[in-house]
Amino acid sequence: MAVNNSVDPMAWLAEQIQTSDPDLLRSMVKTMAEALMSAEADSLCGAAYGERSDQRANRRNGYRKRDWDTRAGTVELAIPKLRSGTYFPDWLLQRRRRAEQALISVVATSYLLGVSTRRVDKLIEQLGVQHISKSQVSEMAKMLDGQVEAFRTRPLDGGPYAFLWLDALTQKVREDGRTVNVHVLVATAVNADGRREILGLEVTSAEDGAGWLGFLRGLVARGLSGVQLVVSDAHRGLVEAVGAVLAGAAWQRCRTHYLRNLLTTVPKSAQPWVATLVRTIFDQPTAEAVRSQHAWVIDALEAKYPAAAAHLDAAREELLAFAAFPREVWRQVWSNNPQERLNKEIRRRTDVVGIFPDRSSVVRLVGAVLAEQTDEWTEARRYMGLDVLAKVRLRLICGDTPGQNPLPQTLTA
């Protein structure tokens, strides 16, 4: 078995096109990977393949086959063998993205725990992988669990975290021979460097006050501090937990979720007009103008839709909490849309699995996705400018804190 040790990319590509290779991408990946491995083996030997040289320190000794799972499918690589010592391309075959490793591990674990063979085979085919051994599953799970646990329990020393977004999404899990819904609680914040950071996740049986209370207390124990505004939907258990654990922080009710609730109080034919009217509240240039427009919209609704007017009036403080902060951050903090986009990315990965075999596999996959996302945010541009965060901190130092919402300070059992 021989491998081309020097590849002319243009000539090779032209040949593939002329011969109508049915799987061009996979062939390209295989050829280029083998060319890189061959070059590295030549470097270890001190001379090129077949070359006579006084500098030669080792010789080739054939090849060994190794399957390589890629997004283009499973590729069979020919790895060079050496007469003295061993050669293995760690840089190529052992490094995978954490989320991909977690996804493969979850699918394989599902197979081992008795999920339908036909279903799991389809999932594996979607990943482009032909086969996963039990030892591979064990090793991947072991490494991933350690990484995810370190991510979930790391000290939160990037504070103060002025803005905090909270949300939950449901996943299906097999427990005691039946399929149940569990809730994945996720917290995201902006750290002192102006970058978004995922602070933690927790899997609970229900999205109730006790679950959120334990989750937030865990974040505070790890170092969460300096929270001035919490953005979320109006789930009662969540709101009560925020009031109990993060006393002193204002609460911003997500305007997107609120508008959906408000529109249920008016006829369907009037919903577009009411939605447009409410959005004008958020188009104002100053905090005073925002509050004035809110009052004007209530008056406009009072005559035709008194129920909607009363609904909007009752939500005044929780809906307009964003206006107490610098205008530069309004668009980022008046809704939970950033968290919803993160949830969409999580679901894109978890939908491949469908039903998880256990809760630990949920933590493994979602934790790997969130750890990767945090890494990407660390290298991306700042989410909020340092000058804006300085303004936020300055108001706190001067005692000009935003008006507090009437959140309960104790949690009812």
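Which residues in helix 11 meet helix 12? In this predicted model, the helix 11 side of the contact consists of His-294, Val-297, Ile-298, Leu-301 and Glu-302. Their partners in helix 12 are Pro-306, Ala-308, Ala-309, Leu-312 and Asp-313.

Helix 11 spans residues 287-302, and helix 12 spans residues 306-314. The two pack at an angle of about 160°. Their axes lie 7 Å apart. An angle over 145 degrees counts as roughly antiparallel, so helix 11 and helix 12 are roughly antiparallel to each other. Their crossing is left-handed.

Helix 12 also packs with helix 9, which covers residues 255-263. Here the angle is about 155°, and the axes are 10 Å apart. Helix 9 and helix 12 are therefore roughly antiparallel as well. The crossing of helix 9 with helix 12 is right-handed. From helix 9, Tyr-258, Asn-261 and Leu-262 take part in the contact. From helix 12, the residues involved are Ala-308, His-311 and Leu-312. Ala-308 and Leu-312 thus appear in both sets of contacts: they meet helix 11 and they meet helix 9.

These helices belong to a protein chain with 17 helices and eight strands. The chain has 413 residues, of which 48% are buried. Contacts between residues at least 6 apart in sequence were also examined. Of these, 66% join residues at least 24 apart. The exposed surface of the chain comes to about 20900 Å². Carbon and sulfur atoms supply 50% of that area.

Attention then turns to a single loop residue, Arg-154. The loop in question runs between helix 6 (134-153) and strand 3 (163-175). Is Arg-154 buried or exposed? Its relative accessibility is 17%. Buried means under 20%, so Arg-154 counts as buried. The side chain of Arg-154 makes a polar contact with the side chain of Glu-197, at 3.0 Å. Glu-197 is also among the contacts of Arg-154 beyond four places in sequence. The others in that set are Ile-198, Leu-199 and Arg-222. Arg-154 is thus a buried residue in a loop, with a polar side-chain partner in Glu-197.

How values were computed: Residues are numbered from 1 along each chain as its sequence is written. This is a predicted model: local features need pLDDT of at least 70, side-chain atom pairs count only at pLDDT 80 or more; totals for chains, interfaces and linings use all residues. Side-chain values use heavy atoms; hydrogens and water are left out. Helices (H or I, at least four residues) and strands (E, at least two) are DSSP runs, numbered from the N terminus. Buried means under 20% relative accessible area, exposed over 50%, partly exposed in between (1.4 Å probe, protein chains only). Contact means heavy atoms within 4.5 Å. Accessible areas come from the Shrake-Rupley method with a 1.4 Å probe; for residues, only the protein chains shown count as cover. A polar contact is a pair of N or O atoms within 3.5 Å; within protein, one must be able to donate a hydrogen and the other to accept it, and residues adjacent in sequence count only if both atoms are side-chain atoms. Axes are lines fitted to C-alpha atoms, for helices over the stretch in contact, and angles run from 0 to 180 degrees between N-to-C directions. Angles under 35 degrees count as roughly parallel, over 145 as roughly antiparallel, 65 to 115 as roughly perpendicular and the rest as oblique. A crossing is left-handed if the near helix is turned anticlockwise from the far one by less than a right angle, and right-handed if clockwise.
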